[in-house]
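I opened my notebook today to look up a few strands and how they pair. Come along and keep the picture open beside these notes.

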Amino acid sequence: MFRHKIMKPGAALLLTAALFAGATPVSALYSPSVNAVTKQITAQGRTYNVSVVTVDLTDPTLELAPALADGGIGHDAPLQAIAEREGAVAAINGTFFNAYESNPYIRYPNGTMVEAGEALHSGENQTFILNRDKVPNIQFVDLDIAVRVSEGNGTYTINPWGVNKYYGEGSTDQVIWYTPDFGSWINFPNGTKVVIEDGLITRITNDSVQVPAGGYVLFVGGSANNRQHLLPNLDVGDRVTKELLAKGEGGSSLNAKSWLAAIGVGPKLVTGGAVDLDVTRDGFSDPKVTQSAAARSFIGIDRSDRLVMGTVPSATLSQLAAITLQLGLKEAMNMDGGSSSGLYANGTMLTYPGRELSNALVVRKLDKPKVQIDINGQAEYDYSGFIVNETTVVPIRPFITAMNAGFQWDAATRTATITSGGVTMKLKDGSSTATVNGKSVSVPVPLQIMGDSRMYVPLRLVAESLNSKVDWNSSLYRASVRLP
């Protein structure tokens with residue numbers, strides 16, 4: 001797959017430093033929550049050697065995500081290189097891509113990819129989903145995006161054709177949303193590039209542009225329709241917001257913003273512990289996929305809701321469905337196969353792909369347990385915390401925003417001052433004491449400016465000092481804050 005690690009810049013409170021939950025060194029890529037074995041499975045009258053990796057995704061030191069080859073969408077790289085760059089303890093090849101494209105920079109993927117509620121690529125596929133409750137599922141997903149442009153009291157809605165795609169020079173009516181995951185300049189001809197930074201349109205040009213870190217580019221094809229009806233509604237300074245639109249079977253609405261990770265491939269193999277293979281339903285017609293025996297990859301969910309990833313040297317889709325059923329999976333789907341089939345676990349390649357890959361599904365190993373944050377029942381998808389010396393440490397920004405609290409940063413003394421509801425709290429970078437309305441209090445973990453450029457503070461101390469309450473979900477590592 002294809003996750004190119006691109007840092008997003010912080011806003012007012014975001015200061016500078018090094019990643020709080022970075023990957024462990026390659027030599028230490030091991031997790032007891034990842035188990036790799038080879039099994040002999042008999043299905044449809046034959047015996048198969050199946051490489052199987054089982055992952056307990058409730059482990060707070062693990063993070064599931066789609067990952068891109070270095071360089072972004074359209075590039076490719078060895079699976080092992082992607083896994084090691086991502087600090088992964090497990091990885092499997094991802095969705096289909098243009099593997100036979102001669103230009104090595106436009107080997108675009110096919111399927112849906114979502115990480116932490118953000119679309120890396122739109123698609124319409126059977127999709128593996130992991131939500132914020134760490135509950136995995138596989139279902140059909142049609143993922144799109146809506147873009148809303150506001151000026152004064154008016155709002156204009158745009159429905160792009162896709163995210164991080166390109167339909168060719170001849171598709172002059174196309175409208176595409178590009179994110180930093182695209183990883184390169186937007187220099188497609190016959191179109192206008194609309195640059196969005198900090199939620200505002202900052203530039204409208206026909207020249208080549210680079211997707212700004214933390215920003216976006218809207219590519220508007222040069223058709224008469226777009227020139228007449230779309231472009232007149234866009235001006236520098238207009239405010240822009242986006243919304244993921246996900247639909248399931250029958251057009252049911254899905255909350256893609258709540259997904260920690262998703263990848264769309266297919267076809268589906270198993271549903272509810274029974275074979276569920278319908279290639280026509282899932283949009284496949286190529287006999288190489290639907291009928292031929294080939295190297296195969298799959299992902300699924302066992303009866304303990306663990307992620308199961310696996311490869312088989314040679315099988316048809318029908319045989320693969322029977323194999324995943326014999327493995328005891330209650331849900332399963334096919335991944336890209338043939339020369340793309342690859343599997344990695346705990347620092348070892350179990351199955352080597354025969355080609356470089358555009359993308360993969362990886363399980364990252366984090367240095368510290370990751371903490372989810374809810375404020376007044378609303379999930380803070382853009383923010384998370386971690387555990388230090390049994391203390392939950394979180395970024396201060398979402399609390400300031402939610403409470404409409406005052407905030408000042410004294411760069412000379414490196415002191416943060418927070419005011420809310422008659423309470424004034426001062427926290428100094430690196431200090432083990434703070435003051436609340438002039439009184440000294442002990443700080444279990446000092447305020448820190450971390451590598452993601454955010455200011456981190458001990459959650460319970462700050463929340464309770466500002467008259468808020470904290471509930472802790474130990475199974476999900478989720479801190480829920482109720483503001484006064």
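Which residue in E14 does valine 194 stand opposite? I looked it up, keeping in mind that this is a predicted model: valine 194 stands opposite isoleucine 204.

**Entry on E13.** I began with strand E13, which covers residues 191–197. I found six of its seven residues buried, so I noted the strand as mostly covered, with buried meaning under 20% relative accessible area.

Next I looked at the partners of E13. Strand E14 (residues 200–205) runs antiparallel to E13, and five bridges join the two. I saw that E13 and E14 make a hairpin, with two residues between them. In that turn I noted aspartate 198, whose phi is positive at about 50°.

I then turned to strand E16 (residues 216–221), which pairs with E13 over six bridges, also in the antiparallel sense. Here I found valine 195 opposite valine 217 of E16.

**Entry on an open sheet.** I moved on to an open sheet of five strands, paired antiparallel in the order E32-E33-E34-E35-E36. Why is one side of E32 and of E36 left without a neighbour in the sheet? Strand E32 (406–410) and strand E36 (439–442) stand at the edges and each has a single partner strand, so one side of each stays free of a sheet neighbour. I also wrote down the twist, which averages 20° from one strand to the next.

Inside this sheet I checked E33 (residues 415–420) against E34 (residues 423–428): six bridges join these antiparallel strands. My last look-up was alanine 416, whose bridge partner in E34 is leucine 427.

Definitions and conventions:
Residues numbered from 1 in each chain as written. Predicted model: local features only at pLDDT ≥ 70, side-chain atom pairs only at ≥ 80, totals over all residues. Heavy atoms only, no water. Buried < 20%, exposed > 50% of the residue type's maximum accessible area, 1.4 Å probe, protein only. Helix = DSSP H or I, 4+ residues; strand = E, 2+ residues; numbered from the N terminus. Pairing = 2+ DSSP bridges. Axes fitted to C-alpha atoms, helices over the stretch in contact; angles between N-to-C directions.
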